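Q: Please take a close look at the charged and polar side chains, starting from one residue and working outward. Explain each term when it first comes up.

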Amino acid sequence: MNRSVQPEILDGLPADDPEAKQSRRDLERLNGIMGNSRLLARGIASLPEPPEKIVEIGAGNGTLLLKALRTLPRPEQESQVTFLDLVDLITPEVKEEYASLGWAVTVKTGDVRDTLDEKADLVLANLFLHHFTDPNLAELLSLIRNHTKHFFCVEPRRSRIALLAASLVRLVGCNRVTRHDAVVSVRAGFRNDDLSTLWDQEENWDLQEELSPPFSHFFLATEKP
């Protein structure tokens, strides 16, 4: 199955559109089914040292990373998480929950290629990279390499079984936006060494790319000492 990037309905809806709000709730449910917060926690726990500054690109409402951090040790000193997205969906309540875990929150809105402008111990993404065509994704990954020593992401797995599952999300109550976008996302997803190839293995990085059953694709890049 060749990779195909097509527009998703949610990306074209206003943030306060009722269908958009429902679709974001659908995505939280699907993230739970896919176990993506567990994968984020695994990625953070695998780092040589706990990160003191995290940047999440395409962050949405910030709750997925929050679930991951709840399962990890509290940082020894107040740390920083910066969320990058086109719109600010981080509520005051979510910010307070991060603060209770020892994380101060900053939100930057705009295109990630403009707002990723500072160094971080870790840059991460969840269900975000598949929105980019290969040439634009290679450009984004190059930018990320220049702003961190560690990067990982969880993306849709491009496979027939994932495509079948995406076509059945109506069974868990997903609305028409999510039903459309789930199929589009899988067709734009990744498999094998797709991301490693775009990352450029000539660089001084250790790369890990693999299927995370049942439907996720995990990629981790760590700069060598």
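A: **Charged and polar side chains**

Arg158 is buried, its relative accessible area being 6%. Buried means under 20% relative accessible area, exposed means over 50%, and partly exposed is in between, using a 1.4 Å probe and protein chains only. The areas come from the Shrake-Rupley method with that 1.4 Å probe, and for residues only the protein chains shown count as cover.

This is a predicted model, in which local features need pLDDT of at least 70 and side-chain atom pairs count only at pLDDT 80 or more, while totals for chains, interfaces and linings use all residues. Residues are numbered from 1 along each chain as its sequence is written, and side-chain values use heavy atoms, with hydrogens and water left out.

Arg158 forms a salt bridge with Asp194, and the closest N and O atoms are 2.9 Å apart. Arg158 sits in the loop between strand E5 (150–156) and H7, while Asp194 belongs to helix H9 (residues 194–199), so the pair ties together parts that are 36 residues apart in sequence. Unlike the buried Arg158, Asp194 counts as partly exposed, at 22% relative accessibility. A salt bridge here is a side-chain nitrogen of Lys or Arg within 4 Å of a carboxyl oxygen of Asp or Glu. Helices (H or I, at least four residues) and strands (E, at least two) are DSSP runs, numbered from the N terminus.

The structure holds 11 salt bridges. Lys108 takes part in two of the pairs described here: with Asp117, where the closest N and O atoms are 2.8 Å apart, and with Glu118, where they are 2.7 Å apart. The pair of Lys108 and Glu118 links distant parts of the chain, 10 residues apart: Lys108 lies in strand E3 (residues 103–109), and Glu118 lies in the loop between helix H5 (112–115) and strand E4 (122–126). How accessible are these residues? Lys108 is partly exposed because its relative accessible area is 21%, Asp117 is partly exposed at 48%, and Glu118 is partly exposed at 25%. Both contacts belong to one network, in which salt bridges that share partners join Lys53, Lys108, Asp117 and Glu118.

Not every charged side chain has such a partner. Glu8, in the segment before helix H1 (18–34), is buried yet has no salt bridge; the nearest side chain of opposite charge is Arg3, 8.7 Å away. For this purpose Lys and Arg count as positive and Asp and Glu as negative, while His and the chain ends are not counted. Glu8 does have polar contacts: its side chain contacts that of Ser185 at 3.0 Å and that of His131 at 3.4 Å. A polar contact is a pair of N or O atoms within 3.5 Å; within protein, one must be able to donate a hydrogen and the other to accept it, and residues adjacent in sequence count only if both atoms are side-chain atoms.

Ser216 offers another polar contact in a buried place. Ser216 lies in strand E7 (residues 216–223) and is buried because its relative accessibility is 0%. Its side chain makes a polar contact of 2.9 Å with the side chain of Asn36.

Glu56, in strand E1, is also buried, at 2% relative accessibility. Its C-alpha atom is 17 Å from that of Glu97, which is 41 residues away along the chain.

On the surface, Glu49, Glu52, Glu76 and Asp121 gather in a patch of negative charge. Patches are made of residues with over 30% relative accessible area and no salt bridge; like charges are joined within 9 Å, and nonpolar side chains (Val, Leu, Ile, Met, Phe, Trp, Tyr) within 5 Å. The place of a charge is taken as NZ of Lys, CZ of Arg, CG of Asp or CD of Glu. One member of the negative patch, Glu49, is in the loop between helix H2 (36–45) and strand E1 (53–57). Glu49 is exposed, as its relative accessible area is 62%.

A nonpolar patch on the surface gives a contrast in side-chain type: Ile33, Leu164, Leu168, Leu171 and Val172 together have about 450 Å² of accessible area. One of them, Leu168, lies in the loop between helix H7 (160–166) and helix H8 (176–187), and Leu168 is partly exposed at 33%.
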